[in-house]
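Me: I'd like to learn how to read a structure like this one, feature by feature. Can we start with the aromatic rings?

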Amino acid sequence: AFDEIAMHGAVHGLAHCAAMWVGGGLNDLAPETIRRAVEVNVLGPTYVLREALRHMRAQGHGNVVYVGAIAVDAARPGIPVYRATKSYGKSLVESLAQATGSNRVKLMQVHPGPMPTRLQERVGDSFLDTVYTPPAAVAREIVRLLLLAPEDPYVSDLRVLQADGRW
C-alpha cells in the first residue's frame, strides 16, 4: 500500500490509530481472541511502521504518531492482554525513535486517557470513567505533531529528543 501511495508523491506522515480492545481476564479469553489482539496490536504497527519508515528515510523526512493508551502506564484489572499488546507498541516506537538518529524523521506517541466513545459504554461500569479526554483535543494534537517541520524539536513519550533523534 505504501508503494502505491508513494507513486503519487512523498509519504509525509502517518498516524497509527488502529487497535483492538480486549477486555476480560486471561483465563476468560479464547485463544482466537488473544491471537487476533496480537495480530492487530502487535503485528499491525510493526509492519505499518516498517513500511512508513522505509519511505520516510528514503525521502529524508516524515512524521509518525503512534496512538497508544494510558493503560500501558496505569494497570487495571480485566485488561491484561490489551495492556500487554499496547505496551509492545510503546516499546516499538521508543526503540525506533532511538534508532532513527535523525530529527528529520520523527517518531512520536500520544497516550490519551479515557475518551467518551461507544467503547467506554460497551466495556461496562468497571471501566466507565468520570474524567475524559475530548476526542477532538486528541485529534488536534495528532495533527499538530504530523505537521511539525523536519527542523522542529519534538517530544516523544515525555522524553525531549535532541536534534539528531537521541535522548
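Me: How many aromatic pairs does the count come to?

Reply: Keep in mind that this is a predicted model. The general idea is to check ring centres, which must lie within 6.5 Å to pair. Here the count comes to 1 aromatic pair. Its members are Trp21 and Tyr82, with ring centres 4.8 Å apart.

Me: And how do I read the angle between the planes of Trp21 and Tyr82?

Reply: Under 30 degrees counts as stacked, over 60 as edge-to-face, and the rest as tilted. The planes of Trp21 and Tyr82 are at 50°, so this pair is tilted.

Me: Which parts does the pair tie together?

Reply: Look at where each ring sits. Trp21 is in the loop between β1 and α2, while Tyr82 belongs to helix α3, so the pair links parts 61 residues apart in sequence.

Me: Are these two rings buried or exposed?

Reply: Buried means under 20% relative accessible area, and exposed means over 50%. Tyr82 has 11%, so it counts as buried. Trp21 has 27% and therefore counts as partly exposed.

Me: What about Leu26, buried or exposed?

Reply: Leu26 comes out at 52% relative accessibility, so it counts as exposed. This leucine lies in the loop between β1 (13-16) and α2 (31-59).

Me: Which residues does Leu26 touch, leaving out those up to four places away in sequence?

Reply: Leu26 touches Ile34, Pro80 and Val81. You can also compare sequence with space: Leu26 and Ile79 are 53 residues apart in the chain, yet their C-alpha atoms are 8.2 Å apart.

Me: Now the interior. Which residues of the largest nonpolar core touch the most other members?

Reply: In soluble globular proteins, nonpolar side chains tend to be buried together. In this model, the largest nonpolar core has 14 residues, and Leu14, Leu49, Leu53, Met56, Val64, Leu96 and Leu107 touch the most other members. At least two residues of this core come from each of α2, β2 (62-67), α3 (80-100) and β3 (105-110). Apart from it lies another core of 9 residues, including Met108, Val110, Val138 and Ile142.

Me: What does Leu49 touch, if I skip residues up to four places away in sequence?

Reply: Leu49 is in contact with Leu14, Val64, Leu92, Val93 and Leu96.

Me: One last residue: is Thr100 buried or exposed?

Reply: Thr100 sits in helix α3. Its relative accessibility is 15%, so it counts as buried. Beyond its neighbours within four places in sequence, Thr100 contacts Arg57, Val105 and Leu107.

Terms used. Residues numbered from 1 in each chain as written. Predicted model: local features only at pLDDT ≥ 70, side-chain atom pairs only at ≥ 80, totals over all residues. Heavy atoms only, no water. Helix = DSSP H or I, 4+ residues; strand = E, 2+ residues; numbered from the N terminus. Buried < 20%, exposed > 50% of the residue type's maximum accessible area, 1.4 Å probe, protein only. Contact = heavy atoms within 4.5 Å. Core = buried A, V, L, I, M, F, W, Y, C linked by side-chain atoms within 4.5 Å. Phe/Tyr/Trp six-rings, centres within 6.5 Å; stacked < 30°, edge-to-face > 60°.
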